[in-house]
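Subject: Structure handover

Hi,

I am passing a structure on to you, with some notes on what turned up in it. Have a look at it first, then read on.

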Amino acid sequence: MDEQNVIKEFIAGDVKAFEKIFYNYSRELYFVALGLCRDQALAEDAVQECFVYLWSHRTQLNITKSFENYLVTMVKNLILNHLRHLRVAADREEDIVREIVFANTEEEEDFSSKLDVVRELIDSLPESCRKVFVMTVIEGSSYADTAKNLGIAVNTVKSQVRIAYKKIRDAVKNGTDNDALVILFLLLL
(Lines give C-alpha, C1' and ligand atoms only; values in the text may rest on other atoms or scores of the structure.)
Protein backbone atom coordinates (compact mmCIF):
# COMPACT_ATOMS: atom_id res chain seq x y z
CA MET A 1 0.00 0.00 0.00
CA ASP A 2 1.44 3.37 -1.04
CA GLU A 3 0.43 5.14 2.15
CA GLN A 4 0.95 8.73 1.01
CA ASN A 5 -1.22 8.32 -2.10
CA VAL A 6 -3.92 6.48 -0.17
CA ILE A 7 -3.97 9.23 2.45
CA LYS A 8 -4.27 11.91 -0.26
CA GLU A 9 -7.13 10.00 -1.90
CA PHE A 10 -8.76 9.54 1.51
CA ILE A 11 -8.53 13.27 2.29
CA ALA A 12 -10.13 13.93 -1.10
CA GLY A 13 -13.08 11.76 -0.01
CA ASP A 14 -12.32 8.44 -1.71
CA VAL A 15 -14.25 5.75 0.14
CA LYS A 16 -12.03 2.96 -1.23
CA ALA A 17 -8.97 4.71 0.22
CA PHE A 18 -10.78 4.97 3.55
CA GLU A 19 -11.53 1.24 3.44
CA LYS A 20 -7.86 0.50 2.75
CA ILE A 21 -6.86 2.59 5.74
CA PHE A 22 -9.47 0.92 7.90
CA TYR A 23 -8.45 -2.62 6.94
CA ASN A 24 -4.79 -1.82 7.27
CA TYR A 25 -4.94 -0.25 10.76
CA SER A 26 -8.13 -1.30 12.55
CA ARG A 27 -6.78 -4.58 13.94
CA GLU A 28 -3.65 -2.93 15.37
CA LEU A 29 -5.70 -0.09 16.86
CA TYR A 30 -8.09 -2.60 18.43
CA PHE A 31 -5.23 -4.38 20.21
CA VAL A 32 -3.75 -1.07 21.38
CA ALA A 33 -7.14 -0.09 22.82
CA LEU A 34 -7.70 -3.53 24.33
CA GLY A 35 -4.30 -3.39 26.01
CA LEU A 36 -5.25 -0.13 27.69
CA CYS A 37 -8.77 -0.93 28.84
CA ARG A 38 -9.07 -4.75 28.82
CA ASP A 39 -12.66 -4.40 27.60
CA GLN A 40 -13.46 -5.76 24.13
CA ALA A 41 -16.58 -3.67 23.60
CA LEU A 42 -14.84 -0.47 24.71
CA ALA A 43 -11.85 -1.24 22.49
CA GLU A 44 -14.14 -1.80 19.50
CA ASP A 45 -16.02 1.41 20.26
CA ALA A 46 -12.77 3.38 20.49
CA VAL A 47 -11.58 2.08 17.11
CA GLN A 48 -14.95 2.84 15.55
CA GLU A 49 -14.99 6.32 17.07
CA CYS A 50 -11.45 6.88 15.80
CA PHE A 51 -12.44 6.09 12.22
CA VAL A 52 -15.68 8.05 12.40
CA TYR A 53 -13.71 11.07 13.60
CA LEU A 54 -11.06 10.47 10.96
CA TRP A 55 -13.64 10.39 8.16
CA SER A 56 -15.60 13.40 9.35
CA HIS A 57 -12.44 15.50 9.84
CA ARG A 58 -10.43 14.20 6.87
CA THR A 59 -10.18 17.60 5.17
CA GLN A 60 -8.69 19.11 8.33
CA LEU A 61 -6.00 16.46 8.81
CA ASN A 62 -2.47 17.75 9.05
CA ILE A 63 -0.28 14.72 9.59
CA THR A 64 3.38 15.65 9.52
CA LYS A 65 4.82 12.40 10.81
CA SER A 66 3.68 8.78 10.83
CA PHE A 67 0.00 8.20 10.00
CA GLU A 68 0.09 5.03 12.07
CA ASN A 69 1.36 6.93 15.12
CA TYR A 70 -1.36 9.52 14.58
CA LEU A 71 -4.05 6.80 14.68
CA VAL A 72 -2.50 5.01 17.67
CA THR A 73 -2.32 8.29 19.58
CA MET A 74 -5.94 9.03 18.73
CA VAL A 75 -7.13 5.64 20.01
CA LYS A 76 -5.02 5.92 23.16
CA ASN A 77 -6.49 9.35 23.88
CA LEU A 78 -10.04 8.08 23.32
CA ILE A 79 -9.51 5.20 25.77
CA LEU A 80 -7.75 7.35 28.37
CA ASN A 81 -10.46 10.02 28.15
CA HIS A 82 -13.12 7.35 28.61
CA LEU A 83 -11.35 5.85 31.63
CA ARG A 84 -10.86 9.34 33.09
CA HIS A 85 -14.55 10.05 32.54
CA LEU A 86 -15.52 6.83 34.36
CA ARG A 87 -13.29 7.77 37.28
CA VAL A 88 -14.81 11.26 37.46
CA ALA A 89 -18.34 9.81 37.30
CA ALA A 90 -17.55 7.34 40.10
CA ASP A 91 -16.03 10.12 42.22
CA ARG A 92 -19.06 12.30 41.54
CA GLU A 93 -21.39 9.48 42.52
CA GLU A 94 -19.56 8.91 45.81
CA ASP A 95 -19.47 12.65 46.57
CA ILE A 96 -23.21 12.95 46.00
CA VAL A 97 -23.96 9.96 48.20
CA ARG A 98 -21.59 11.21 50.91
CA GLU A 99 -23.21 14.66 50.80
CA ILE A 100 -26.71 13.21 51.06
CA VAL A 101 -25.91 10.76 53.81
CA PHE A 102 -23.84 13.13 55.91
CA ALA A 103 -25.54 16.45 55.24
CA ASN A 104 -26.84 16.80 58.80
CA THR A 105 -24.13 15.06 60.75
CA GLU A 106 -20.46 15.76 61.42
CA GLU A 107 -19.38 12.15 61.74
CA GLU A 108 -18.97 9.96 58.70
CA GLU A 109 -19.67 6.26 58.78
CA ASP A 110 -18.73 3.68 56.22
CA PHE A 111 -21.28 3.97 53.46
CA SER A 112 -19.55 1.70 50.96
CA SER A 113 -21.99 -1.16 51.60
CA LYS A 114 -24.91 1.15 50.84
CA LEU A 115 -23.19 2.38 47.73
CA ASP A 116 -22.59 -1.24 46.71
CA VAL A 117 -26.34 -1.91 46.91
CA VAL A 118 -26.96 1.08 44.66
CA ARG A 119 -24.33 -0.10 42.18
CA GLU A 120 -25.75 -3.64 42.20
CA LEU A 121 -29.20 -2.29 41.36
CA ILE A 122 -27.79 -0.32 38.46
CA ASP A 123 -25.59 -3.22 37.33
CA SER A 124 -28.59 -5.56 37.35
CA LEU A 125 -30.24 -3.55 34.57
CA PRO A 126 -30.04 -4.98 31.03
CA GLU A 127 -26.90 -3.75 29.27
CA SER A 128 -28.50 -1.32 26.82
CA CYS A 129 -30.82 0.01 29.51
CA ARG A 130 -27.90 0.41 31.94
CA LYS A 131 -25.80 2.31 29.36
CA VAL A 132 -28.60 4.77 28.70
CA PHE A 133 -29.40 5.13 32.40
CA VAL A 134 -25.78 5.76 33.42
CA MET A 135 -25.21 8.28 30.64
CA THR A 136 -28.37 10.28 31.32
CA VAL A 137 -28.91 9.97 35.05
CA ILE A 138 -25.49 9.34 36.59
CA GLU A 139 -23.29 11.23 34.11
CA GLY A 140 -25.87 13.95 33.45
CA SER A 141 -25.88 13.69 29.66
CA SER A 142 -28.96 15.03 27.89
CA TYR A 143 -31.35 12.64 26.17
CA ALA A 144 -30.32 14.07 22.80
CA ASP A 145 -26.59 13.67 23.50
CA THR A 146 -27.11 10.15 24.79
CA ALA A 147 -29.13 9.24 21.70
CA LYS A 148 -26.45 10.69 19.44
CA ASN A 149 -23.58 8.94 21.25
CA LEU A 150 -25.32 5.56 21.21
CA GLY A 151 -26.82 5.92 17.74
CA ILE A 152 -30.41 5.49 18.91
CA ALA A 153 -33.56 7.60 18.88
CA VAL A 154 -34.31 10.10 21.65
CA ASN A 155 -37.58 8.25 22.33
CA THR A 156 -35.59 5.05 22.84
CA VAL A 157 -33.47 6.86 25.43
CA LYS A 158 -36.62 8.05 27.22
CA SER A 159 -38.09 4.54 27.15
CA GLN A 160 -34.88 2.97 28.49
CA VAL A 161 -34.68 5.51 31.34
CA ARG A 162 -38.34 4.86 32.17
CA ILE A 163 -37.70 1.08 32.18
CA ALA A 164 -34.65 1.54 34.41
CA TYR A 165 -36.61 3.64 36.92
CA LYS A 166 -39.38 1.03 36.99
CA LYS A 167 -36.93 -1.84 37.60
CA ILE A 168 -35.19 0.13 40.33
CA ARG A 169 -38.51 1.14 41.89
CA ASP A 170 -39.58 -2.54 41.91
CA ALA A 171 -36.26 -3.49 43.54
CA VAL A 172 -36.83 -0.79 46.17
CA LYS A 173 -40.28 -2.17 46.98
CA ASN A 174 -38.86 -5.68 47.38
CA GLY A 175 -35.62 -4.62 49.11
CA THR A 176 -34.77 -4.62 52.77
CA ASP A 177 -32.01 -1.99 52.91
CA ASN A 178 -34.16 1.13 52.91
CA ASP A 179 -31.23 3.48 53.67
CA ALA A 180 -29.41 2.46 50.51
CA LEU A 181 -32.56 2.73 48.48
CA VAL A 182 -33.33 6.20 49.81
CA ILE A 183 -29.78 7.17 48.83
CA LEU A 184 -30.41 5.76 45.38
CA PHE A 185 -33.54 7.79 44.87
CA LEU A 186 -31.87 10.95 46.12
CA LEU A 187 -28.92 10.23 43.87
CA LEU A 188 -31.22 9.84 40.88
CA LEU A 189 -32.97 13.16 41.41
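Is C50 buried or exposed, and what is its relative accessible area? C50 is buried, and its relative accessible area comes to 0%. C129 is buried as well, with a value of 1%. As for disulfides, the structure has zero. Please keep in mind throughout that this is a predicted model.

Now the overall picture. The protein is built from nine helices and zero strands, so reading from the N terminus you will meet α-α-α-α-α-α-α-α-α. Of its 189 residues, 32% count as buried. Taking the contacts between residues at least 6 apart in sequence, 57% join residues that are at least 24 apart.The part I expect you will open first is the pocket. The largest pocket has a volume of about 1500 Å³. Its lining is made up of 32 residues, and L42, D45, H82, K131 and M135 are the ones closest to its centre. Five elements each give two or more residues to that lining: α3 (40–56), α4 (67–101), α5 (112–123), α6 and α7. The largest share comes from α4, with nine residues.

Next, α6 and what follows it. The helix spans residues 127–138, and its buried residues are C129, V132, F133, M135, T136, V137 and I138. M135 thus appears twice in these notes, as a buried residue of α6 and as one of the residues closest to the pocket centre. After α6 comes G140, which has a positive phi near 80°. S141 sits in the loop that leads from α6 to α7 (143–150). Setting aside residues up to four places away in sequence, S141 touches M135, T136 and T146. With T146 there is also a polar contact, side chain to side chain, at 3.2 Å.

At the other end of the chain, which residues of helix α1 are buried? In this helix, residues 3–11, they are V6, I7 and F10. These residues lie on the same side of α1, because they cover an arc of only 100° around the axis. Just past the end of α1, G13 has a positive phi of about 105°.

That brings me to R58, which is placed in the loop between α3 and α4. Where does its side chain reach? The side chain of R58 comes to 2.7 Å from the backbone oxygen of W55. R58 counts as buried because its relative accessible area is 19%, and the cut-off for buried is under 20%. Apart from its neighbours within four places in sequence, R58 is in contact with F10, I11 and G13. Among these, F10 is one of the buried residues of α1, and G13 is the residue with the positive phi just after that helix. R58 and K8 are 50 residues apart along the chain, and their C-alpha atoms are separated by 9.7 Å.

If you would like somewhere to begin, you could display the pocket together with L42, D45, H82, K131 and M135, and then turn to S141 with its contacts M135, T136 and T146.

Best wishes

Key. Residues numbered from 1 in each chain as written. Predicted model: local features only at pLDDT ≥ 70, side-chain atom pairs only at ≥ 80, totals over all residues. Heavy atoms only, no water. Helix = DSSP H or I, 4+ residues; strand = E, 2+ residues; numbered from the N terminus. Polar contact = N/O pair within 3.5 Å; in protein donor to acceptor, adjacent residues only side chain to side chain. Contact = heavy atoms within 4.5 Å. Buried < 20%, exposed > 50% of the residue type's maximum accessible area, 1.4 Å probe, protein only. Arc of directions from axis to C-beta. Disulfide = S-S within 2.5 Å. 1 Å grid on protein atoms, 1.4 Å probe; cavity = no way out; pocket = protein on both sides within 12 Å on 5 of 7 lines; lining within 4 Å. Points joined across faces, edges and corners; volume = space filled by probe spheres on them.
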